[in-house]
Amino acid sequence: PILEAILAATGADKVNLIGHSHGGPTVRYVASVYPDYVASATSIAGPNTGARIFDLKLEIEEVLPLYGKVTDNAINAFATLIDLISTGGYEQDFATGGYSVSTPGMREFNIHHPAGLPQTACGHGPELADNGVRYYSWSGANPLTNVLDLSDGILAITALLYPGEKNDGLVSSCSSHLGMVIRDDYHMNHFDEINQFAGLVSPFETNPTTVFRQHANRLKNRGL
């Protein structure tokens, strides 16, 4: 596995994994399958109980099957272009990827990979799970953060899927909870959390790069 290559190249005993959005379930999967190689898994706005925008996609596809095919093909084509520019060489499958982070998809995933999940709705999970891996999470809760960022308008619309709930425009704060919840209410939207786009984030909140540095120090202080 690539983890073995990383450990061999760095001389480290274990790795600390951090994943944003769909990357949250991804690092959870790796930690679940290879716990001996993983010291910690951190989920940033991961849809750990599902993202409603993909629930909506599934509902529309039940009524309009052609919608799903057209949407999937268009996004796959765009993702293939990005992959080509990035010299990735990976196959794109938006239909499967979207289902995997829907509510039913994450329900299935969580049955097999439950480590770090809260035992109560919107609760906190264990920092140190039974598999020996430490779990952390954080997320934003404000779709609109910078008037210069055109993506804010899109996230303000998708945020309407969460009436009365804290969310970052794509993932609810409660769904983001995993392990030790550092914060679930940063003045950030789903893209701000990783300093997109072009660093147009809120000037009134801790910069996302600082949040990452703080977490790196947290892991270091725990000997990870």
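# A tour of helices, rings and one unusual loop

F197 sits in the loop between strand 4 and helix 8, and that loop is a good place to begin. Keep in mind as you read that this is a predicted model.

What is the form of the peptide bond from Q196 to F197? That bond is cis, and its omega is near -15°. Two more residues deserve a look here. N195 lies in the loop between strand 4 and helix 8, and so does A198. N195 is not a glycine, although its phi is positive, at about 70°. A198 also has a positive phi in a residue other than glycine, this time near 55°. Are these two buried or exposed? N195 has a relative accessible area of 27%, so it counts as partly exposed. For A198 the value is 78%, which means that A198 is exposed.

Let us move on to another loop, the one between helix 7 (151-158) and strand 4 (180-186), where you will find S176. With a relative accessible area of 2%, S176 is buried, because buried means under 20%. Which residues does S176 touch, if we set aside its neighbours within four places in sequence? The contacts are with A45, G46, N48, S137, S139, V171 and D184. You can also trace the step from S176 to Q119: they are 57 residues apart along the chain, and their C-alpha atoms are separated by 14 Å.

Next come the aromatic rings. A pair of aromatic rings is described by the distance of the centres and the angle of the planes. How many aromatic pairs does a search of the whole structure find? The search finds four, and here are two of them.

| Pair | Centre to centre | Angle between planes | Type |
|---|---|---|---|
| F54 and F94 | 6.0 Å | 55° | tilted |
| W138 and F212 | 5.4 Å | 85° | edge-to-face |

Why does the W138 and F212 pair count as edge-to-face? Its planes stand at 85°, and angles over 60 degrees fall in that class, so the label follows.

Both pairs also link separate parts of the chain. F54 belongs to helix 3 (residues 52-63) and F94 to helix 5 (residues 94-100), so their pair ties together parts that are 40 residues apart in sequence. W138 is in strand 3 (residues 134-140) and F212 in helix 8 (residues 208-221), so this pair ties together parts 74 residues apart in sequence. W138 has 1% relative accessibility and counts as buried, whereas F212, at 28%, counts as partly exposed.

Finally, look at how helices meet. The axes of helix 2 (residues 23-33) and helix 6 (residues 103-112) are 11 Å apart, and the two helices pack at an angle of about 20°. Angles under 35 degrees count as roughly parallel, so helix 2 is roughly parallel to helix 6. Their crossing is left-handed. From helix 2, P25, R28, Y29 and S32 meet M106, F109, N110 and H112 of helix 6. These contact residues divide into four nonpolar, three polar and one charged.

Helix 3 returns in another meeting, this time with helix 4 (residues 65-85): their axes come within 5 Å and cross at roughly 125°. Helix 3 and helix 4 are therefore oblique to each other. K57, I60, E61 and V63 make the contact on the helix 3 side, while P65, Y67, G68 and D72 do so from helix 4. By class, this contact has four nonpolar, one polar and three charged residues.

Methods. Residues are numbered from 1 along each chain as its sequence is written. This is a predicted model: local features need pLDDT of at least 70, side-chain atom pairs count only at pLDDT 80 or more; totals for chains, interfaces and linings use all residues. Side-chain values use heavy atoms; hydrogens and water are left out. Axes are lines fitted to C-alpha atoms, for helices over the stretch in contact, and angles run from 0 to 180 degrees between N-to-C directions. Helices (H or I, at least four residues) and strands (E, at least two) are DSSP runs, numbered from the N terminus. Angles under 35 degrees count as roughly parallel, over 145 as roughly antiparallel, 65 to 115 as roughly perpendicular and the rest as oblique. A crossing is left-handed if the near helix is turned anticlockwise from the far one by less than a right angle, and right-handed if clockwise. Contact means heavy atoms within 4.5 Å. Ala, Val, Leu, Ile, Met, Phe, Trp, Tyr, Cys and Pro count as nonpolar, Asp, Glu, Lys and Arg as charged, and the others, Gly among them, as polar. Rings of Phe, Tyr and Trp (its six-membered ring) pair if their centres lie within 6.5 Å; planes under 30 degrees apart count as stacked, over 60 as edge-to-face and the rest as tilted. Buried means under 20% relative accessible area, exposed over 50%, partly exposed in between (1.4 Å probe, protein chains only).
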